[in-house]
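Biologist: I should like a close look at a single part of this model. Please describe the surface that faces one of the DNA strands.

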Protein chains: 2
Amino acid sequence: MALRHAVLAALLDEELSGYQVTKAFAAGVANFWHALPQQVYAELARLEKEGLVAGREVVQVARPNKRLFRVTGEGLAELESFASAAAKPSFLREDLLVQVQAADHLDTDVLIDRLTERYAFAEAKAALFEEQLRAMRGERGEAEFLLHGARVGPYLTCRRGRDFERANRDWCRDAVEVLRARREARADS
Amino acid sequence: MALRHAVLAALLDEELSGYQVTKAFAAGVANFWHALPQQVYAELARLEKEGLVAGREVVQVARPNKRLFRVTGEGLAELESFASAAAKPSFLREDLLVQVQAADHLDTDVLIDRLTERYAFAEAKAALFEEQLRAMRGERGEAEFLLHGARVGPYLTCRRGRDFERANRDWCRDAVEVLRARREARADS
DNA sequence: CACGCATACTCATGAAAGTGACTAGTCACT
DNA sequence: AGTGACTAGTCACTTTCATGAGTATGCGTG
């Protein structure tokens with residue numbers, strides 16, 4: 001039941017349409033959570049029914065009308081109580097880790113392919129996060145922004161996302177190196 | 001459908017009982033995947049029915065009998081085909097990230113409590129992984145082990161787990177620092 | 001000698017998350 | 001005039017995950 005809180009958190013700083021929220025949670029852009037459009041719309045409907053968000057219809061001319069949502073007082077209270085409860089730590093859960101766990105029994109070439117793909121993905125995503133961070137802090141230096149910037153929450157989560165992908169990238173690089181070195185060592189013997 | 005492959009990967013290096021597999025996947029010990037006992041047992045049953053693992057009854061004297069499982073040739077083939085398909089990258093999905101995303105609208109003290117808890121947890125888990133790594137490489141230095149050790153797959157995934165928790169720890173520390181500094185800056189003004 | 005804890009599992013149920021398909025209009029490009 | 005991409009969503013379905021409880025035995029500690 002954390003998606004509801006993730007949606008609430010996303011709506012805190014600005015009024016967004018369901019569509020915009022789905023964009024924010026779409027693969028590749030979400031820095032602190034990920035969800036599919038269907039989940040987001042369903043959650044928004046539930047949140048509205050429970051009075052945690054309020055939606056208002058916005059009529060548009062050259063495109064479908066949309067509904068903008070904002071968090072209500074009750075919604076904020078819900079977030080407060082969510083934050084006051086202990087957060088359950090999550091675990092790494094990646095297909096690639098499973099594949100590498102079995103590395104000693106699988107074809108090295110195939111694994112190196114997977115790791116190289118993931119490396120590129122991680123690199124791209126880290127760069128994307130880095131750009132978002134630059135945009136958030138604007139002209140200011142990071143230290144200055146962290147002290148006096150308006151909203152640091154999104155900045156901090158984005159930084160975590162960036163560092164996560166950097167760590168993924170470095171791990172992929174090292175793993176490839178290890179697998180290659182072992183293959184050569186085997187070939188020599 | 002990755003749990004099945006995670007279970008297969010766990011059974012590759014040694015014959016294990018369902019109970020032992022559940023222990024390996026239990027919270028806090030799993031380095032590359034996490035699952036509850038019920039899921040593991042259910043998955044093992046399915047895998048056996050499909051012939052990907054083979055179980056054998058082991059009669060014990062002072063404790064309940066157990067069934068040891070090993071991966072069959074078909075199981076290994078399944079893993080191969082799993083590895084040959086592109087792995088879908090995962091996302092960070094942590095309650096704490098959601099809470100920090102909303103940091104600017106929530107009580108700072110509460111958040112610092114959460115971050116401090118997570119810091120301690122991450123530190124403990126990183127230490128645990130570090131110990132496992134030491135045990136795996138034994139007397140050898142890391143470079144030596146990575147080149148000539150028998151099984152590097154589990155070592156590499158464990159290292160990813162350790163680095164992940166270290167990153168969590170560092171992020172928590174930095175976030176607390178930022179929140180404290182901002183509170184003081186607010187108090188001064 | 002009662003209590004909790006470890007081994008070794010099973011069953012039932014519900015909540016959450018993920019997948020695929022589908023509507024419907026606008027815009028730009030070919 | 002057709003294609004695909006973007007906006008803005010909805011419906012139906014399945015898989016996965018999580019929870020709590022229950023069974024049975026033995027072992028050590030206070």
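Modeller: What follows concerns the protein surface near DNA strand D. The model is predicted, so local features need pLDDT of at least 70 and side-chain atom pairs count only at pLDDT 80 or more, whereas totals for chains, interfaces and linings use all residues. Residues are numbered from 1 along each chain as its sequence is written, chains are lettered from A and ligands numbered from 1 in the order in which they are written, and side-chain values use heavy atoms, without hydrogens and water.

Around DNA strand D there are 18 residues, of which Q38(A), Q60(A), M1(B), Q38(B) and A62(B) come nearest; a residue is near a strand if one of its heavy atoms lies within 4 Å of it. By type, this surface comprises six nonpolar, seven polar and five charged residues. Here Ala, Val, Leu, Ile, Met, Phe, Trp, Tyr, Cys and Pro count as nonpolar, Asp, Glu, Lys and Arg as charged, and the others, Gly among them, as polar.

On the DNA side, sugar or phosphate supplies 65% of the strand D atoms within 4 Å of the protein, and bases supply the rest. Three residues of chain A approach phosphate oxygens of the strand: Q60(A) places a polar side-chain atom 2.6 Å from one, K88(A) places a polar side-chain atom 3.1 Å from one, and G18(A) has a backbone N or O atom at 3.4 Å from one. Two or more residues each come from α2 (18-25), α3 (37-49) and β3 (66-71) of chain A, and from α3 of chain B; helices (H or I, at least four residues) and strands (E, at least two) are DSSP runs, numbered from the N terminus.

Technical notes: A polar contact is a pair of N or O atoms within 3.5 Å; within protein, one must be able to donate a hydrogen and the other to accept it, and residues adjacent in sequence count only if both atoms are side-chain atoms.
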